Amino acid sequence: MSQDTTNSFSKMSLNPAASEWKPNFGAKAFVPSFGAPAAAAAAPAPAPVAPAAAAAPAPAAPKVVKLPESKPAAPAAEAPKPAAEAPKPKPAAPKPKATPAPAPKKAPEPVQDDVEDVDDEVVADLYGKEHLNVVFMGHVDAGKSTMGGNILYLTGMVDKRTLEKYEREAKEAGRESWYLSWALDTNTEERAKGKTVETGRAYFETDKRRYTILDAPGHKNFVPSMIQGASQADLGVLVISARKGEFETGYERGGQTREHTMLAKTSGINKMVVAINKMDDPTVNWDKARYDEIVSKLTPFMKQTGFNPKTDIHFMPLSGFSGANIKDRDTKVCPWYDGPSLLEFLDNYKTTDRKLNAPLMIPISEKYKDMGTIVVGKIEAGHLKKGQQVVIMPNKHNTEVTAIYDETENEIEQAMCGDNIRMRLKGIEEDEIMPGFVLCSKKNPVKTTTQFEAQLAILDHKNIICAGYTAVLHIHAAAEEVQISALLHLIDKKTGKKTRKPPQFVKQGQKAIARIETSGPICIETFEKLPQLGRFTLRDEGKTVAIGKVTKVLEPAE
């Protein structure tokens, strides 16, 4: 207890020291002039206990500190002291001049640097090189897959060892010249028959751009798969076989060269490279006369389809098997052609404007299970980020994009309009999604309906078409059975005017506006708003009967 008391006394002995100091910081004439700082000044005051004797200088010190900071009328009242500190206001005066001067200089510099950094990062890291989707189409056996395989080899996407393995396997199977196509035709059925069945996908890049090859099947039985591939492409490569007899077969009525050209135009491909392939064949042997003959036959047909021969079409001779004129121009074998090689043309091709800020729209073309639900599609409008909440129409199923993968299966943070991507979705089962469904933003979902009005152009139909006619509608990645419920107007080909009276029927070569009903809900937009979701083809009995565009989306029929 005695120790405690002594301790308390020792503590008490400190208290009088504090009280001795009190009169010093109670210089009340000074405190009110600075209002709020008075309380702050009170707190640090007890710390300097020792200089009790130096009472006079102590209050002077705070005055000196505070005078330059706050420039009120106080310095005028205490004239004698500021006189000593006369130099201090002088440096203070230039300071304001100095501070604004560097401020504007410095401010823009970091901003510019930031903008440049952001631009470089955005281009290089987030989006990388510009992306282009190219569809290879044409008659069966024109050499589409072989050319695609050779491009992959020439750009280093398929190494020599893998190609040698394919060559060995192809030789064993008695299909020696098919080995290049095996880089794209991975299916055993496709390899056995030498025919592409599904639209193959492959990825390659050059110094300027990234590309997705969509290798469409040429056989007429697999046209629906070709339409799906063409609907995802930005540019078409129509592969023509220059071999005697093969070009004629593909070009005659019923040949796939004609149908593919028409379908490409309908799917929104406005620019076409016509690759005249197999120029190294013994029957052709890089003959300019054969090349000119094919060009002269194709040009009027392409013009009739809607392509402008001067601006929309580029003809080039090449060999998909030997690789001549694919990556580099081969002047030895083809001295008479002075245009660019295929890859040079693709690198310099000007892309159309991307709808980056439009509402998100991704028609789903494939789906499968792989540690969750994976869907594949091309972003037709808008952009997508990892973790984004989206809705799948027409089921109105809310889901989250947990991962985005590019063509090389690398995970990316975000994707832009025009990219072909794979997405892992959370909160939805694989069997709840069908090809043709559209993944879109919650705020602006795509329109879904079971009936719409459209402008139709009848291409190939022997009989007349009346109300009640049924066919299969192909629109973006969707295929749906439809019925023409009413013919509303005929359109005069020359004037473009509509007839007032609804026609009883339409026949080949005519244009009409019709009301179309679908068997189930489909995702569509008008052609004016989003062409990719507003153009379609009607097919029946394995032929393309009509092409059309959606003019008006009606309310779903009850």
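Author: A salt bridge here is a side-chain nitrogen of Lys or Arg within 4 Å of a carboxyl oxygen of Asp or Glu. The model we are looking at is predicted.

Reader: Thanks! By this rule, how many salt bridges does the count come to?

Author: Side chains of opposite charge can pair when their charged atoms come close. Applying the 4 Å limit between nitrogen and carboxyl oxygen, the count comes to 18 salt bridges.

Reader: Which side chain meets Lys 278 in a salt bridge, and how many residues apart are the two?

Author: Happy to walk through that one. The partner is Glu 246, at 3.1 Å from N to O. Lys 278 sits in the loop between strand S5 (272-277) and helix H16 (288-305), whereas Glu 246 belongs to helix H14 (residues 246-251). The pair thus links distant parts of the chain, and the separation of Lys 278 from Glu 246 is 32 residues.

Reader: Which of Lys 278 and Glu 246 counts as buried?

Author: The cut-off for buried is under 20% relative accessible area. Glu 246 has 25%, so Glu 246 is partly exposed. At 16%, the residue that counts as buried is Lys 278.

Reader: Let me try another pair: are Lys 378 and Glu 380 buried or exposed?

Author: These two side chains also meet in a salt bridge, with 3.9 Å from N to O. Both Lys 378 and Glu 380 are buried.

Reader: Why does the salt bridge of Glu 411 and Lys 386 tie together separate parts of the chain, and how many residues apart are they?

Author: The side chains of Glu 411 and Lys 386 meet at 2.8 Å, N to O. Glu 411 lies in strand S12 (residues 411-412), while Lys 386 is in the loop between strand S9 (384-385) and strand S10 (389-393), so the parts tied together are apart in sequence by 25 residues.

Reader: What are the relative accessible areas of Glu 411 and Lys 386?

Author: Glu 411 is partly exposed, and Lys 386 is partly exposed too. The values are 43% for Glu 411 and 36% for Lys 386.

Reader: Which residues are joined into one network by salt bridges that share partners?

Author: Two names are familiar from the pair above, Lys 278 and Glu 246. Shared partners join them with two further residues, and the network consists of Arg 243, Glu 246, Lys 278 and Asp 281.

Reader: On to the strands: in what order do six of them close into a barrel?

Author: Strands of a sheet pair through backbone hydrogen bonds, either parallel or antiparallel. In this barrel the pairing is antiparallel, and the order is S16-S19-S18-S17-S20-S21.

Reader: How are neighbouring strands of this sheet turned against each other on average?

Author: Direction is ignored for this angle. On average the turn between neighbours is 45°.

Reader: How many bridges join S16 to S19?

Author: Strand S16 (residues 447-458) and strand S19 (residues 511-524) run antiparallel. Ala 457 stands opposite Lys 511 in S19. The number of bridges that join S16 to S19 is ten.

Reader: Which helix lies across S17 and S20?

Author: Strand S17 spans 470-475 and strand S20 spans 535-540. The helix covers residues 223-230 and runs at about 175° to S20; it is H13.

Reader: How many residues of helix H15 are buried?

Author: Helix H15 (residues 256-266) is mostly covered. Among its buried residues are Gln 256, His 260, Met 262 and Leu 263. Of its eleven residues, the number buried is nine.

Notes
Residues are numbered from 1 along each chain as its sequence is written. This is a predicted model: local features need pLDDT of at least 70, side-chain atom pairs count only at pLDDT 80 or more; totals for chains, interfaces and linings use all residues. Side-chain values use heavy atoms; hydrogens and water are left out. Two strands pair if DSSP finds at least two bridges between them. Helices (H or I, at least four residues) and strands (E, at least two) are DSSP runs, numbered from the N terminus. Axes are lines fitted to C-alpha atoms, for helices over the stretch in contact, and angles run from 0 to 180 degrees between N-to-C directions. Contact means heavy atoms within 4.5 Å. Buried means under 20% relative accessible area, exposed over 50%, partly exposed in between (1.4 Å probe, protein chains only).
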